[in-house]
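Hello,

Here is the structure for you to look over. My notes on it follow below.

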Amino acid sequence: MTNSEQHFYRFSEAPIWELQRSYFEEQGIKAWQSGEVPQYITNNPVIAGAYAEIIFGFLQDRARLGHIAEPVTILELGAGSGRLAYHVLKELGELIDYAGIELPPFRYVMSDLPLQNITYWQQHPGLLPFVEQGMLDFARFDAAQDTELHLTQSGVTIRPAGLQQPLLVIANYFFDSIPQELIYVVESKIYECRVSLQFPEEADALAASEMLEKVVPEYHYRRAAEYEQESYPYRDVIELYKQRLEDSHILFPAIGLACLERLAQLSQEEFVLLTADKGDHRIENWEFAEPPKLIHHGSFSLTANYHAIQHFFEQKGALTCFTGHHYKNLNVGCILMLQSPASYAHTRLAYRRFVDRFGPDDFFSMKIWFDVHLEQMELSQILAFWRLGHYDAQLFLQSVKRILTLLPASSDEEMDDLRQGIDIMWTGYYPMNEKHDLARDCGVLLYQLDLYEDARVFFERSLTDYEATAEVLYYMAICCYEMGIGAAASDYVHRALALEPEHEGALELLAHLNL
């Protein structure tokens, strides 16, 4: 489309949404592997741990109410890379095993629109054990229209009223990236903001991501009394905006609300929603709001209107949980659209402990500080933050160089905590074919701790997954030598020298072996 072919679109029907879909269809899992689409803030072990605690509380509440036999279905919308699901499943399993109490079974369903993503999940070695245990399944789900869930692994189809337990929905960075309406409130009247799009002249030759990056939206206003009619399903929210807001552009989640209503129909007991996004639930934050800007990161995102979602379901009897303090980077909410939601004490207490008191947003704020001040931190402080982050691999990769400089002055206790932390981290690691070689970094650190047998295990993993380097082969040679495996040491040192004939360490070791 050129600038001369200008069209006016309802915001939810503008071509940007089709470009958004095309981008994810084209990229598949590469969108997250490349780092183009941000994922850390909503896919780290801290937020997964908070969600696992809330789900664990919900399972306790259902058991207390006597609903033990039927499984609870946990549906993740827009599961993307699969990293969040992996961490939630791992943490939830550990909580259940540790507690040793009777709870209803559960199945976790990862869903997304691109089929490429589902194929990736089906083959991921970290997810396969959960599939084999019958606790993980996959489904393609279109938030704009689907009314059923067709599970790929079990062959089960979940239809309206098919679930006897409430559906538990997880939606991270979901409501901000699906089509939304755009309305404008002024003088107690509702206007619809239509959009025209200016594309560059070379648009036909650009990929979806490049189109989204270069498109320039322009907004046009028309009176939209239909939003104020009795027949409009979300009229109560609109009426509140007419009364409370002035000169305000409102992203309205009509499609998101309709999606939740359709999902609620899958269960005879409605649903619970766990969600995290950059989005406001306070109505005052929407007053005098300017037209939205497309935040581009391969795809694009907008601000999620949590206020509309919260208000709509509260009017239907839901209990909603958002933090009492203001969020900085990530707003984490929980909506209990259930009969007698206040009776779900374990669920609400878990939200209070793991989100409201100190939650994923607080952790991310501290991580930003950590990124800046890492070089001034002592080993005990790094270890403490690593534990706070649930032994996250990302924190380790950032810290490993600093840790190596601090090792000569470290205590035996700190070195032992490092070794234990590496083991815990590795068991919870979800690889995505990233460029970094986590196994190599673990091996180097263990090598510096003189833990040659442990280091060798990680160097072997590095050689399996990455191209051999002279450095890793030399480390392997030293480990084998220290373990008394002379033949293996000789083999590795010759392989190292074949790649780098002037490697001083390898030459010295070879001379020593030949004595």
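**Aromatic pairs**

The count of aromatic pairs comes to 30. Please keep in mind that this is a predicted model.

Take F271 and F313 as one of the pairs. Their ring centres are 5.2 Å apart and their planes stand at 85 degrees, so this pair is edge-to-face. An angle over 60 degrees is what earns that label. F271 belongs to strand 12 (residues 271-277), while F313 belongs to helix 11 (residues 306-315). The pair therefore ties together parts that are 42 residues apart in sequence. Are these two rings buried or exposed? F271 is buried, at a relative accessible area of 1%. F313 is buried too, with 1% relative accessibility.

Helix 11 also holds Y306, which pairs with F322. Here the centres lie 5.5 Å apart and the planes are at 50 degrees, so the pair is tilted. F322 sits in the loop between strand 17 (319-321) and strand 18 (331-337). With Y306 in helix 11, the pair therefore ties together parts that are 16 residues apart in sequence. Y306 counts as buried at 1% relative accessibility. F322 is buried as well, with a relative accessible area of 12%. The cut-off for buried is under 20%.

Ring pairs also build a cluster. Its members are Y227, Y232, Y234, Y241, F252, F271, F312 and F313. So F271 and F313, the edge-to-face pair, are both part of this cluster.

**Charges over rings**

Two lysines are worth a look. K278 lies over the face of Y173, 5.7 Å from the ring centre. K367 has its charged end over the ring of Y40, at 5.2 Å from the centre.

**Helix 6**

Which residues of helix 6 (residues 115-123) are buried? They are N117, I118, Y120 and W121. These residues cover an arc of only 160 degrees around the axis, which means they are on the same side of helix 6. L115 and Q123 are on the other side of helix 6, and both are exposed.

What covers the buried residues of helix 6? The cover includes helix 2 (30-33), strand 3 (106-112) and strand 4 (136-140).

**Where to start**

I would open the view on F271 and F313, with their planes at 85 degrees. Then go to Y306 and F322, where the planes are at 50 degrees. Finish on helix 6, with N117, I118, Y120 and W121 buried and L115 and Q123 exposed on the other side.

Best regards

Technical notes
Residues numbered from 1 in each chain as written. Predicted model: local features only at pLDDT ≥ 70, side-chain atom pairs only at ≥ 80, totals over all residues. Heavy atoms only, no water. Phe/Tyr/Trp six-rings, centres within 6.5 Å; stacked < 30°, edge-to-face > 60°. Helix = DSSP H or I, 4+ residues; strand = E, 2+ residues; numbered from the N terminus. Buried < 20%, exposed > 50% of the residue type's maximum accessible area, 1.4 Å probe, protein only. Lys NZ or Arg CZ within 6 Å of the ring centre and 35° of its normal. Arc of directions from axis to C-beta. Contact = heavy atoms within 4.5 Å.
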